[in-house]
Amino acid sequence: MRSFNYHKPDTLDAALALLSGNDEALPIAGGMTLLPTMKQRLAAPEDLVDLSGLPGLADVAMEGDILVIGAMTRHADVAASPLVKEKLPALANLASRIGDQQVRHRGTIGGSISNNDPAADYPAAVLALNAEIVTSKRTIAADDFFVAMFETALEPGELVTAIRFPLPEVAAYMKFANPASRYALAGVFVAKTTSAVRVAVTGAGPSVFRASDIEAALAESFDATALERISIDASELMSDIHADNEYRANLVMVMARRAVALAQQSG
Ligand SMILES: Cc1cc2nc3c(=O)[nH]c(=O)nc-3n(C[C@H](O)[C@H](O)[C@H](O)COP(=O)(O)OP(=O)(O)OC[C@H]3O[C@@H](n4cnc5c(N)ncnc54)[C@H](O)[C@@H]3O)c2cc1C
């Protein structure tokens with residue numbers, strides 16, 4: 001690891017000032033991805049701006065009908081939050097199954113979505129729930145946020161401050177986890193509102209994506225049997241040492257059917 005300057009600002013403005021115009025600076029949240037990346041010398045920031053001293057970024061609250069979760073909220077706190085469990089149990093359940101205890105007590109929702117790992121869990125929830133990502137500059141719709149593998153719509157120096165989740169009628173997440181890391185080999189988040197069904201897939205493709213055929217079938221009939229004749233095109237899915245693209249395509253459909261069945265139980 002290269003040496004770096006460590007900063008721990010205590011206001012958002014101070015953090016933004018440290019990041020502004022400095023191509024060699026990076027924010028650090030839980031450090032669960034950034035620190036290993038730095039140890040491998042895949043990232044070598046000269047200035048590391050620790051977000052953990054910023055006030056108000058780890059709050060969980062309802063604003064009208066919207067569940068708002070601060071960017072610095074750790075996975076364990078999302079999983080344990082009485083408010084998240086009551087209003088959006090599928091999200092609490094998702095958070096409880098990320099990585100291991102150590103990762104869940106360090107990693108943050110803002111860090112996870114900013115990183116946009118193709119196998120991360122939260123991006124599927126954010127996309128399927130049609131959430132909004134609040135940043136230090138603007139509000140970004142989930143459909144516009146996840147751009148490509150490890151790439152988001154965030155500009156340099158722009159910080160995620162909160163995620164705003166509209167509440168669905170029913171929702172559920174199912175993943176087939178890599179037994180070593182618990183990252184998703186395929187994960188499917190299904191969300192039904194009064195007007196639409198949205199389905200987001202993680203782990204299978206180069207970045208999280210919406211599965212439009214599955215959405216259309218579930219919009220007609222929100223039942224796992226509606227997916228019996230649907231398949232997913234494997235040609236754009238990933239193959240790696242863990243699973244090939246055909247296997248992942250099959251897993252996506254299995255996870256989708258299980259997620260719908262689970263959502264029906266919770267509804
Ligand atoms: C062993 C292991 C197992 C894991 N298993 C899973 C799993 O099963 N499922 C899963 O989803 N994830 C998993 N993770 C990832 C983990 O959950 C973290 O969410 C993830 O590493 C990023 O969150 P972080 O808070 O640690 O971010 P950091 O590592 O601190 O930052 C990640 C990136 O986001 C940027 N960033 C951080 N916060 C912000 C912000 N507020 N605004 C803008 N940019 C920001 C940083 O500059 C950096 O580029 C695992 C990680 C490990 C080490």
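Let me start with the ligand. This is a predicted model, and in it 32 residues surround the ligand, with G30, M32, G99, G107 and G111 coming nearest. By type, the shell around the ligand splits into 16 nonpolar, 13 polar and three charged residues.

Where does the shell come from? Among its sources are β2, residues 25–28, α6, residues 101–106, and α7, residues 109–115, and each of these supplies at least two residues. The biggest share is from α7, which gives five residues.

Now the domains. The domain assignment gives domain 1 as 1–49 and domain 2 as 170–266. Their centres, taken over C-alpha atoms, are 34 Å apart. Even so, the shell around the ligand takes at least three residues from each of domain 1 and domain 2.

Next, helix α5, which covers residues 89–96. Which residues of α5 are buried? They are A90, L91, N93, L94 and A95. These buried residues pack against three helices and two strands: α3 (75–80), α4 (82–87) and α8 (122–128), then β10 (160–166) and β11 (170–177).

That brings in β10 again, this time through its pairing with β6. The strands β6 and β10 run antiparallel and are joined by four bridges. One of the pairs is E132 with R164, the latter in β10.

On β6 there is also β7 to mention. Strand β6, residues 132–135, pairs with strand β7, residues 139–141, in the antiparallel sense over three bridges. V134 stands opposite T139 of β7. The link from β6 to β7 is a hairpin of three residues.

Key
Residues numbered from 1 in each chain as written. Predicted model: local features only at pLDDT ≥ 70, side-chain atom pairs only at ≥ 80, totals over all residues. Near = placed C-beta within 6 Å. Nonpolar A, V, L, I, M, F, W, Y, C, P; charged D, E, K, R; others polar. Domains from an automatic or database assignment. Buried ≥ 20, exposed ≤ 12 C-beta atoms within 10 Å, placed from the backbone. Contact = placed C-beta atoms within 7 Å. Pairing = 2+ DSSP bridges.
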